[in-house]
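Here's a quick briefing for anyone opening this one up for the first time. Take a look at the picture, then read on.

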Amino acid sequence: MWYVVQVRTGTEESIRIQCEKQMSGEVLRRCFIPYYEESKRIRGRWTTLEKVLFPGYVFMISERMEKLYDQLHGVIGLTKMIGTGREIVPLREEEIAFMQGIGGEKQVVGMSEGVIEQSRVRITSGPLVGMEGLIRKIDRHKRKAWLEVPMFGSVQTVQVGVEIVAKV
């Protein structure tokens, strides 16, 4: 099962390292932070950077939720596990499928390419192919798209890298 832990934004990587060091392999199968690639102009050159896809969240894969919960008490800086009230709820199958679809095995959302045809965005390559309905805003100059994704029991707005190569 996939679980999500809420942490202070900016501390995701240190929490992930703590979890991997302190938690046993039989409890924590994998701990990761999804990233997205972004093109940014630095000193006149386009550079690809990796940024956190869901700031303030760390993802964990475990089949032993009770032991995972117990071992998380030793991790400094955690806010809470995502759930409903007192019950910790794993991600739904469609949320996991979405994460695996756009992030792949490494959980890094690569740059997508697309065109604008008659005021409609059509993604031609990259992880966003077929997900045009999730796009809420595009900034062609910053090469970013904002998506509204149903995750963690609500709608999350996330940024991803997209390059619009033509406007027709």
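**A first look around**

Let's start with Cys31, which is buried, at a relative accessible area of 5%. Keep in mind that this is a predicted model. From that cysteine we'll move on to two sheets and a helix.

**The cysteines**

- Cys19 is buried too, and its relative accessible area is 0%.
- What about disulfides: how many does the structure hold? The count is 0.
- For Cys19, the nearest cysteine sulfur belongs to Cys31 and sits 4.5 Å away.
- Turn it around and Cys31 has the sulfur of Cys19 as its nearest cysteine sulfur, again at 4.5 Å.
- A disulfide calls for two cysteine sulfur atoms within 2.5 Å, so with 4.5 Å between their sulfurs, Cys19 and Cys31 don't make one.

**The five-stranded sheet**

- One open sheet has 5 strands, running in the order E11-E10-E14-E13-E12 with mixed pairing.
- Which strands stand at its edges? They're E11 (120-125) and E12 (135-139), and because each has a single partner strand, one side of each is left without a neighbour in the sheet.
- Going from one strand to the next, the twist averages 40 degrees.
- E12 finds its partner in E13 (residues 144-151), and the two pair in the antiparallel sense over 4 bridges.
- If you want a spot to zoom in on, try Asp139, which stands opposite Lys144 in E13.

**The three-stranded sheet**

- Another open sheet has 3 strands in the order E4-E3-E9, also with mixed pairing.
- E4 (45-52) and E9 are the edge strands here, each pairing on one side only.
- E3 (residues 35-42) and E9 run parallel, joined by 2 bridges.
- Along E9, Val108 has Tyr35 standing opposite.

**Helix H3 and what covers it**

- H3 spans residues 93-103, and its buried residues are Glu95, Ile96, Phe98, Met99, Ile102 and Gly103.
- Why do they line one face of the helix? Looking down the axis of H3, the buried residues fall within an arc of 160 degrees, so they end up along one face.
- As background, an α-helix has 3.6 residues a turn, so residues three or four places apart point the same way.
- The cover over the buried residues of H3 includes E1 (2-7), E5 (57-61), E9 (108-109) and E13.
- That list brings in a strand from each sheet described above: E13 belongs to the sheet of 5 strands, and E9 to the sheet of 3 strands.
- Just after H3 comes Gly104, with a positive phi near 70 degrees.

How values were computed:
Residues are numbered from 1 along each chain as its sequence is written. This is a predicted model: local features need pLDDT of at least 70, side-chain atom pairs count only at pLDDT 80 or more; totals for chains, interfaces and linings use all residues. Side-chain values use heavy atoms; hydrogens and water are left out. Two strands pair if DSSP finds at least two bridges between them. Axes are lines fitted to C-alpha atoms, for helices over the stretch in contact, and angles run from 0 to 180 degrees between N-to-C directions. Buried means under 20% relative accessible area, exposed over 50%, partly exposed in between (1.4 Å probe, protein chains only). The arc is that of the directions from the helix axis to the C-beta atoms. Contact means heavy atoms within 4.5 Å.
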